[in-house]
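Me: I should be grateful for a close look at a single part of this structure, one residue and its surroundings, followed outward into the rest of the chain. Please set the answer out as one connected account.

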Amino acid sequence: MKYIYVSIIFLIVFTFFSEEFKQAYDAFVNLNMCIDTGICNEGIKTKIDGVLIEINEENCKKYKKIWNSENSTCIIKNN
Amino acid sequence: MEDEVSSIENIVSHTGDTISELDENLNGLISEYGMHLPECEYNIDNDFEQMYAQKFELKILINDISGLITPLQSILGSINSFVNNYIDLLSERDGSMDKFYHSKANCEAAQNGILGSAVAKGLSDLKELYDSYTYIHTHKVSKEEALADSARDQKANREGRTRGRNYPDCDCAVLMWDLRPAHRKQK
């Protein structure tokens, strides 16, 4: 019976430390930060003035938002 | 203990009937409101306003008591409101709706009574703490920006809780309508 518990714990630890989980978590954090603060990473799809666009330098400047080339982020909110 | 809870439930139910009666009386008097001069003997304005205010206070009190009698329901209902509104916000991918969903979640949770309001405050504080730590940790947001954003969110959260407590029967999407951005206010 204890081997089942050990296997489950191993599976949970493996899941949390796996590359896929880390990538999914990073994507979630970046999306949350974009929606919450208006600071969006390159590659994220979000709405600016109701239009869904992919964040990159070109789109950021096209919609007259501030592009941070150091972090590759676009500030889309006027707070 | 069960008898006491039953007795409280009966009082709540009886008070609900009293509120309905009060509503009927107020509806009957509303046509006379503002129709007579202050010194006129038929002037009912002060009494009407007092009754109206007391009705709302009674509703809030009954809501609080109902929430405390069924604490698990209140807590789970509040958590459910937060989760649903967060999912809606993420699926919309529209950051301009952030304040609206923040306040709507708090409003719906606060409509569960004083317990729901407390749960809403706790969840909001936890989220802001997590967000601030995460944003600063990624070094893409400065400490000042993170704190300023958190303060703005908490302002929306407080507003949602206040309106939810004061208007427990109203639709929170309507109550918080003014927090939507201009381009999302058109129906």
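Reply: Leaving aside residues up to four places away in sequence, I136(B) touches V141(B), S142(B), K143(B) and A146(B). The model is a predicted one, and the values that follow are computed from it. I136(B) itself is found in helix α5 of chain B. With a relative accessibility of 32%, I136(B) counts as partly exposed, because the buried class ends at 20% and the exposed class begins over 50%. As for its distance from another part of the chain, I136(B) and G28(B) are separated by 108 residues in sequence and by 59 Å in space, C-alpha to C-alpha.

The helix that carries I136(B) also packs against a neighbour. Helix α5 of chain B spans residues 114-137, and helix α4 of chain B spans residues 98-110; their axes are 7 Å apart and meet at an angle of about 150°. Since an angle over 145 degrees is counted as roughly antiparallel, α4(B) is roughly antiparallel to α5(B). On the α4(B) side, the contact is made by H102(B), N106(B), A109(B) and A110(B). The α5(B) side supplies G116(B), S117(B), A120(B), K121(B), S124(B) and E128(B). Sorted by class, the contact of α4(B) with α5(B) comprises 3 nonpolar, 5 polar and 2 charged residues.

A109(B) also appears in a second set of contacts. S81(B), which lies in helix α3 (residues 71-92) of chain B, touches A105(B), E108(B) and A109(B), again not counting residues up to four places away in sequence. S81(B) has a relative accessible area of 10% and is therefore buried, the limit for that class being 20%.

Within helix α5 of chain B there is also a charged pair. The side chains of K127(B) and D131(B) meet in a salt bridge, with 2.5 Å from N to O. Both residues lie in helix α5 of chain B, 4 residues apart, about one turn of the helix. The partners fall into separate accessibility classes: K127(B) is partly exposed, with a relative accessible area of 23%, whereas D131(B), at 2% relative accessibility, counts as buried. In general terms, side chains of opposite charge can pair when their charged atoms come close.

K143(B) and A146(B), two of the residues touched by I136(B), lead on to helix α6 of chain B, which covers residues 143-166. In this helix R152(B) forms a salt bridge with D149(B), the closest N and O atoms being 3.9 Å apart. Because R152(B) and D149(B) are 3 residues apart in helix α6, about one helical turn separates them. R152(B) is partly exposed at a relative accessible area of 29%, while D149(B) counts as buried at 2% relative accessibility.

A further salt bridge joins R163(B) to D178(B), with the closest N and O atoms 2.8 Å apart. R163(B) lies in helix α6 of chain B and D178(B) in the segment after α7 (172-175) of chain B, so this pair ties together parts that are 15 residues apart in sequence. In this pair R163(B) is buried, with a relative accessible area of 18%, and D178(B) counts as partly exposed, at 43% relative accessibility. Elsewhere in chain B, D98(B), K99(B) and D153(B) are linked in a network of salt bridges. Over all chains, the count comes to 12 salt bridges.

The account can now be extended to the partner chain. The contact between the chains takes 24 residues from chain B and 22 residues from chain A. The area buried between them is about 2,000 Å², with carbon and sulfur atoms giving 53% of it. On the chain B side, R93(B), Y135(B) and K140(B) lose the most area to chain A, together 34% of what that side buries. Across this interface the rule finds 0 salt bridges.

R93(B) deserves a closer description. R93(B) lies in the loop between α3 and α4 of chain B and counts as partly exposed at 29% relative accessibility. Although R93(B) is not a glycine, its phi is positive, at about 55°. Most residues other than glycine have a negative phi. In chain A, K64(A) also has a positive phi, near 60°, and is likewise a residue other than glycine. K64(A) lies in the loop between α3 (57-62) and β4 (66-68) of chain A, and K64(A) is exposed, with a relative accessible area of 74%.

Conventions:
Residues numbered from 1 in each chain as written. Chains lettered and ligands numbered in written order. Predicted model: local features only at pLDDT ≥ 70, side-chain atom pairs only at ≥ 80, totals over all residues. Heavy atoms only, no water. Axes fitted to C-alpha atoms, helices over the stretch in contact; angles between N-to-C directions. Helix = DSSP H or I, 4+ residues; strand = E, 2+ residues; numbered from the N terminus. Parallel < 35°, antiparallel > 145°, perpendicular 65-115°, else oblique. Contact = heavy atoms within 4.5 Å. Nonpolar A, V, L, I, M, F, W, Y, C, P; charged D, E, K, R; others polar. Buried < 20%, exposed > 50% of the residue type's maximum accessible area, 1.4 Å probe, protein only. Buried area = accessible area lost by both parts, 1.4 Å probe. Salt bridge = Lys/Arg side-chain N within 4 Å of Asp/Glu carboxyl O.
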